[in-house]
Amino acid sequence: FSPYQWQFERIIGKKINYLEVYNASEGFFAAQVMPDEEGMLLFTDHGIFYEFMPVNEYGKKEPLTYGLQDVEIGKNYAPIISTNGGLWRYLLGDTIQFTSLNPFRIKVSGRLKHYMNAFGEEVIVDNTDKAVSIACEKTGAIVNDYTAAPVYFSDVGNGAHEWLVEFDKEPDNLNKFTVELDKALQSINSDYEAKRYKDIALHLPLLHKMPKGLFNEWLKSKGKLGGQHKVPRLSNERTLIEEILQFKI
């Protein structure tokens, strides 16, 4: 939600208190109790048994999972649920982090398949959403949507991240927006910062300004226009970004 916060504040025109909820077709998992508390209170008495898989276990034949007694603050886990509605060890597909262990509070950090780690940078959607929000605040821009993917090493240079960004309000200087985005992401993610150090592994991001409405038209062409479908924020390979770059409206 953070990239869209400015749009809501511009429309409503006053301070807004936000309360997050975490629910899906499979169950109601957590909700924020107080506006000034980070994280949502995890519901442990709603007929749902939780296991938490570290994200680096994803894809393994027998991945490790942890119960609530073994989780740690700040680590990324994929929730696995068994419910009294009949689900058995169901992988939700989200990633979460614990912000508190007494009581158990969580925040949603992204999706299992939506991340960039081509160079060991371990960038997740929570990182990029926050970085976009900071870059908007620094430059006065408003972002409608974005997606990003790696540019891999080649004979002519190091890698980078390539961004496609659709603005509701464009920044006066696109390069300044890119620099602020990069600085914010480095401040949020120490792995990304290390890879950006002296451009050793990663160069400054490559950012393309996309026409207004392009992402919605692309979703429409896929039969996925509507509230239940979103543009994937991040991908660790280039199939999606190459397709959108070639898409015309």
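Which residue in strand 2 is the bridge partner of Y22? The bridge partner of Y22 is A30. This briefing concerns a predicted model, and it treats three topics in turn: the strands around A30, helix 2, and the sheet that includes strand 11.

**Strands 1 to 3**

- Strand 1 (residues 21–24) and strand 2 run antiparallel and are joined by 4 bridges.
- The connection from strand 1 to strand 2 is a hairpin of 2 residues.
- Strand 2 also runs antiparallel to strand 3 (residues 40–42), with 2 bridges between them.
- A30 takes part in both pairings: it is the bridge partner of Y22, and it stands opposite L42 in strand 3.
- Strand 2 (residues 27–31) is mostly covered, with 4 of its 5 residues buried.

**Helix 2**

- Helix 2 covers residues 125–139; at 1.5 Å a residue, its 15 residues should span 21 Å, and the end C-alpha atoms are 21 Å apart, so the model agrees with the expected value.
- Because 11 of the 15 residues are buried, helix 2 is largely enclosed by the rest of the structure.
- The buried residues begin with the run V125, D126, N127, T128 and D129, and they also include A131, V132, S133, A135, C136 and T139.
- An α-helix has 3.6 residues a turn, so residues three or four places apart point the same way.
- Two other helices, helix 1 (5–12) and helix 3 (174–188), pack against the buried residues of helix 2.
- Strands also pack against these buried residues, namely strand 8 (104–111), strand 10 (123–124), strand 11 (142–151) and strand 12 (160–169).
- Just after helix 2, G140 adopts a positive phi of about 80°.

**The sheet of strands 11, 12 and 13**

- Strands of a sheet pair through backbone hydrogen bonds, either parallel or antiparallel.
- Here, 3 strands form an open sheet in the order 11-12-13, and the pairing is mixed.
- Strand 11 and strand 13 (206–210) are the edge strands, each pairing on one side only.
- From one strand to the next, the twist averages 20°.
- Strand 11 and strand 12 run antiparallel and are joined by 9 bridges.
- Within this pair, Y146 stands opposite V165 in strand 12.
- Helix 3 lies across strand 11, strand 12 and strand 13, and runs at about 125° to strand 13.
- Helix 3 and strands 11 and 12 are thus linked to the previous topic, being among the elements against which the buried residues of helix 2 pack.

Conventions
Residues numbered from 1 in each chain as written. Predicted model: local features only at pLDDT ≥ 70, side-chain atom pairs only at ≥ 80, totals over all residues. Heavy atoms only, no water. Expected span 1.5 Å × (residues − 1). Buried < 20%, exposed > 50% of the residue type's maximum accessible area, 1.4 Å probe, protein only. Contact = heavy atoms within 4.5 Å. Pairing = 2+ DSSP bridges. Axes fitted to C-alpha atoms, helices over the stretch in contact; angles between N-to-C directions.
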